[in-house]
Amino acid sequence: MPTAHTNRIDTPATSRLVGVRPKLALLALLVGIIAGLGAAIFRGLIGLFHNIFFFGHLTIAYDTLKHTLESPWGIGIIGIPVIGALLVAFLVKTFAPEAKGHGVPEVIDAIYYNRGVIRPQVALIKSLASSISIGSGGAIGREGPIIQIGATFGSVLAQWTRLPEWQRLVLIACGAGGGIAATFNTPIGGILFAVEIMMVEISARTLIPVMIATGAASFVGRLFFGDHASFIIPPMTLHAATSSSFRVFVAYALLGLVMGVLGMLYTRSVYAFEDFFDRLPGNYYTRHALGMLCVGIMMFLLMKYLGHYYIEGVGYATIQDILGGHLTVTWILLLLVFMKLLAVSLTLGSGASGGIFSPALFMGATLGAGLVNFGHIFLPGLQVSPVGGAVIGMACMVAAGTGAAVTAVVMIFEMTRDYNVIIPLIIAVSLAYGMRYLLIADDLYTLKLTRRGRRLPKSMESNLYLMRGALDLIQAPFLRIGADTELDALRARLATHRVLPHILLVRDGRIEGIVTADTLSRELAATGDGSLVNHANKHYSIMDERTQVIDLVSRLRSDGTHIAVLVQGAPEHADADDVVGLVSWDDVMEHANLPGDLGRALSD
């Protein structure tokens with residue numbers, strides 16, 4: 001039997017108190033304040049590096065709603081992103097590899113696979129690396145870094161104060177939601193983002209701290225950024241663009257479907273470029289420099305031929321141009337969609353540090369406005385304006401790209417402050433999310449974890465689910481075979497099986513090890529041979545077959561194992577013949593409602 005860890009975890013389901021604890025509420029307030037301050041400091045750093053890189057000025061003044069003026073460096077602007085790339089590579093590689101990329105997947109990974117523990121240096125390195133990436137021209141956003149910075153502070157504060165794990169996870173959600181709320185001035189959107197993406201339990205004791213944090217972060221953010229919407233829309237423009245005619249709703253429904261396709265392309269493209277750069281010769285420095293050299297060339301060409309850098313940084317100036325009615329040329333709008341998609345893929349794929357939220361807003365606005373202009377060619381009387389198309393497009397791309405559909409609707413409403421947009425938003429966003437999910441199940445956040453073999457639960461269940469028997473978790477049957485079985489022999493034996501089993505390796509009536517279905521799938525797909533025992537996991541937990549889901553999860557986490565062996569009779573005296581089912585941690589994550597007898601042994 002494996003040696004169990006001695007520490008016990010105070011999980012949400014086993015905690016004695018169900019109310020909000022005063023200490024947790026106070027810490028949530030502190031996290032919210034720090035998240036708001038962090039957002040302000042981070043935006044100041046972006047402005048500082050942007051002015052240094054583009055103009056050689058030492059100032060933090062930077063209005064993202066206005067286009068960057070042409071740099072005095074001329075063609076030398078091509079090298080600015082390269083310099084930034086080298087600095088980012090040094091920071092990330094030397095101090096905090098977790099700071100690479102768009103940040104949110106690392107926070108989610110810490111929640112589900114590292115008990116909410118995030119290293120404190122991540123916040124500092126993420127702040128510096130992302131502000132350099134964005135300030136030097138990287139086509140990325142500031143929201144992902146702010147989320148990671150806020151979540152890191154929440155985790156570190158919980159570690160310092162020795163909070164139980166469930167409260168640590170709550171403070172992480174407080175930091176993430178607070179960061180979103182402060183940077184966009186969307187307190188409700190910040191709460192919903194925490195709920196949809198970060199939280200593992202929804203109850204009064206977890207929601208109230210998040211509400212406290214997002215409220216505090218929004219207040220602090222307004223002190224620095226003002227109490228106004230993120231984008232300025234001329235009065236009545238959006239109202240006229242969101243009439244309730246049937247043709248308008250059909251147009252927005254079609255727009256949502258197209259945005260879902262773009263969301264899929266966005267998700268695929270970022271990781272396709274990441275794979276491409278990983279295959280290139282050289283190292284992190286040379287690959288990232290090459291990617292940012294391409295971005296620098298694109299920036300220079302756009303300035304030369306269209307008058308603005310357009311794709312550099314968060315891109316809010318371009319969005320504001322569209323919403324203000326200043327950018328209406330269809331071919332430019334559609335060109336910018338492609339250019340931004342290519343630029344953000346080059347930036348993140350080559351190893352930058354920054355978010356995917358702002359590029360989603362940029363592409364949604366440009367494609368939405370461009371498609372509306374294009375549609376007017378065929379339907380001149382259609383009562384849809386480019387502004388309406390841009391606003392709906394932004395929400396659709398956020399939903400399709402991040403998977404946070406409800407957050408997208410509420411945040412765009414908070415950012416525009418026009419209630420007329422709600423019904424079209426709901427229709428288009430739902431279809432965009434559904435189309436992207438139909439084409440690819442993962443979004444930009446979860447695909448990174450899926451590629452690492454990290455599975456996440458597809459939904460949050462009530463406590464009634466936790467009270468079910470552990471046998472109900474079983475996703476695959478198990479096969480009891482001899483420990484000396486060769487891979488080639490097993491490959492032939494399972495050739496006709498539609499569902500791969502977990503493998504229970506037995507020697508002289510004793511359990512020799514476990515090979516999960518996922519491990520088996522990888523080994524069977526490989527061309528190698530050898531004894532199956534070489535691929536077995538010998539670290540598992542033995543439990544009674546009557547164990548409930550809540551106890552199984554607690555036991556796996558306290559033992560530090562990922563496989564539960566369910567047996568008849570007393571677990572301490574069990575042998576291979578007593579095994580009635582195997583449950584892996586992936587089964588727990590999937591928690592599909594399959595019949596329990598699926599896990600009965602396929603014995604020899």
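**Entry 1: Thr68**

I began with Thr68, which I found in the loop between α1 (22-55) and α2 (80-95). I am working on a predicted model, and I keep that in mind for each value noted here.

Is Thr68 buried or exposed? I looked up its relative accessibility, which is 8%, and because buried means under 20%, Thr68 counts as buried.

I then listed what Thr68 touches, leaving aside its neighbours within four places in sequence, and I noted His50, Phe54, Phe55, Tyr62, Met303, Tyr309 and Glu312. Glu312 held my attention, since it lies 244 residues from Thr68 in sequence, while the two C-alpha atoms are 9.0 Å apart in space.

Which side chains make a polar contact with the side chain of Thr68? I found that of His50, at 3.2 Å, and that of Glu312, at 2.8 Å.

**Entry 2: helix α2**

From the loop I moved on to α2, a helix of 16 residues, and I checked its span: from the first C-alpha to the last it reaches 23 Å, close to the 22 Å expected at 1.5 Å a residue.

I next looked up which residues of α2 are buried, and I wrote down Ile80, Pro81, Val82, Gly84, Ala85, Val88, Ala89, Leu91 and Val92. As a reminder to myself, an α-helix has 3.6 residues a turn, so residues three or four places apart point the same way. For the cover over the buried residues of α2, I noted that it includes α1, α4 (121-135) and α11 (284-306).

**Entry 3: the sheet of β1, β2 and β3**

I turned to an open sheet of three strands, and I recorded its order as β1-β2-β3, with mixed pairing. Why is one side of β1 and of β3 (510-515) left without a neighbour in the sheet? I traced this to their places at the edges, where each has a single partner strand. I also looked up the turn between neighbouring strands of this sheet, which is 30° on average with direction ignored.

I examined β1 (residues 478-482) on its own and found this strand mostly covered, with four of its five residues buried. I followed its pairing with β2 (residues 502-507), which is parallel and runs over five bridges, and I noted one particular bridge, in which Ile481 has Leu505 of β2 as its partner. I finally traced how the chain crosses from β1 to β2: the path goes through helix α20 (residues 487-493), and this β-α-β crossover is right-handed.

Notes:
Residues are numbered from 1 along each chain as its sequence is written. This is a predicted model: local features need pLDDT of at least 70, side-chain atom pairs count only at pLDDT 80 or more; totals for chains, interfaces and linings use all residues. Side-chain values use heavy atoms; hydrogens and water are left out. Helices (H or I, at least four residues) and strands (E, at least two) are DSSP runs, numbered from the N terminus. Buried means under 20% relative accessible area, exposed over 50%, partly exposed in between (1.4 Å probe, protein chains only). Contact means heavy atoms within 4.5 Å. A polar contact is a pair of N or O atoms within 3.5 Å; within protein, one must be able to donate a hydrogen and the other to accept it, and residues adjacent in sequence count only if both atoms are side-chain atoms. Two strands pair if DSSP finds at least two bridges between them. A crossover is right-handed if, with the strands pointing away from the viewer, the path from the first strand over the helix to the second runs clockwise. The expected span of a helix is 1.5 Å times one less than its number of residues. Axes are lines fitted to C-alpha atoms, for helices over the stretch in contact, and angles run from 0 to 180 degrees between N-to-C directions.
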